[in-house]
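Visitor: Before we begin, could you walk me through the buried and exposed nonpolar residues of this model?

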Amino acid sequence: QRASVTSMIKQVFSAAGPVLKAAGKAIDSAGMALEAVPVTEKLVASTKSVAFGGKVPTSAATFVAPTATLIGDVEIGPGSSIWYGARVRADVHSIKIGANSSVGDNAMVHVAKIAGDAPTVIGDNVTIGANALVHACTLE
């Protein structure tokens with residue numbers, strides 16, 4: 001008896017599936033027709049550098065992985081590297097990374113603006129490990 005109930009459920013879903021899919025497409029089409037100003041989003045798989053507050057990240061002779069992101073007042077010295085998924089976010093103050101330094105995979109380098117300005121300064125020949133959080137400090 002359980003096999004017949006299972007078979008019946010499969011038949012109901014097989015019959016209802018295409019009908020529900022067609023109804024969903026019709027509702028989506030009706031919604032698009034009602035839009036006053038159609039919007040098309042262009043998704044970018046990777047955004048390396050983003051200006052913020054009029055400041056554009058600068059890097060000279062560095063490696064920035066395709067999935068890494070640099071935002072705002074960021075300055076990176078020669079020979080340094082920003083690895084996959086790393087974020088260097090200088091939105092409220094500056095971040096300076098010296099020569100021959102490395103920011104590891106998925107690391108976050110950030111600044112602070114709490115009771116005054118707090119930049120992040122990373123000296124020459126510094127290695128920041130994968131998944132590290134570096135926040136408003138100086139590393140030498």
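**Nonpolar residues, inside and outside**

Guide: Strand β3, which covers residues 63-64, contains valine 64. Please keep in mind that this is a predicted model.

Visitor: Is valine 64 buried or exposed?

Guide: The cut-off for a buried residue is a relative accessible area under 20%. Valine 64 has a relative accessibility of 10%, and because this value falls under the cut-off, valine 64 counts as buried.

Visitor: Which residues does valine 64 contact, leaving aside its neighbours within four places in sequence?

Guide: Contact here requires heavy atoms within 4.5 Å. With the neighbours within four places in sequence set aside, the contacts of valine 64 are Lys48, Leu70 and Ile82.

Visitor: Which strand gives the most to the largest nonpolar core?

Guide: That core has 20 residues, and Ile82, Val88, Ile95, Ile97, Val103, Val109 and Ile128 are those with the most contacts inside it. Both β4 (69-76) and β6 (87-97) supply at least two residues of this core. The strand that gives the most, with four residues, is β6.

Visitor: Is valine 5 buried, partly exposed or exposed?

Guide: Valine 5 is found in helix α1, residues 2-34, and together with Ile9 and Phe13 it makes a nonpolar surface patch of about 310 Å². Buried means under 20% relative accessible area and exposed means over 50%. Because the relative accessible area of valine 5 is 43%, which lies in between, valine 5 is partly exposed.

Definitions and conventions: Residues are numbered from 1 along each chain as its sequence is written. This is a predicted model: local features need pLDDT of at least 70, side-chain atom pairs count only at pLDDT 80 or more; totals for chains, interfaces and linings use all residues. Side-chain values use heavy atoms; hydrogens and water are left out. A nonpolar core is a set of buried Ala, Val, Leu, Ile, Met, Phe, Trp, Tyr and Cys residues joined through side-chain atoms within 4.5 Å. Buried means under 20% relative accessible area, exposed over 50%, partly exposed in between (1.4 Å probe, protein chains only). Patches are made of residues with over 30% relative accessible area and no salt bridge: like charges are joined within 9 Å, nonpolar side chains (Val, Leu, Ile, Met, Phe, Trp, Tyr) within 5 Å. Accessible areas come from the Shrake-Rupley method with a 1.4 Å probe; for residues, only the protein chains shown count as cover. A salt bridge is a side-chain nitrogen of Lys or Arg within 4 Å of a carboxyl oxygen of Asp or Glu.
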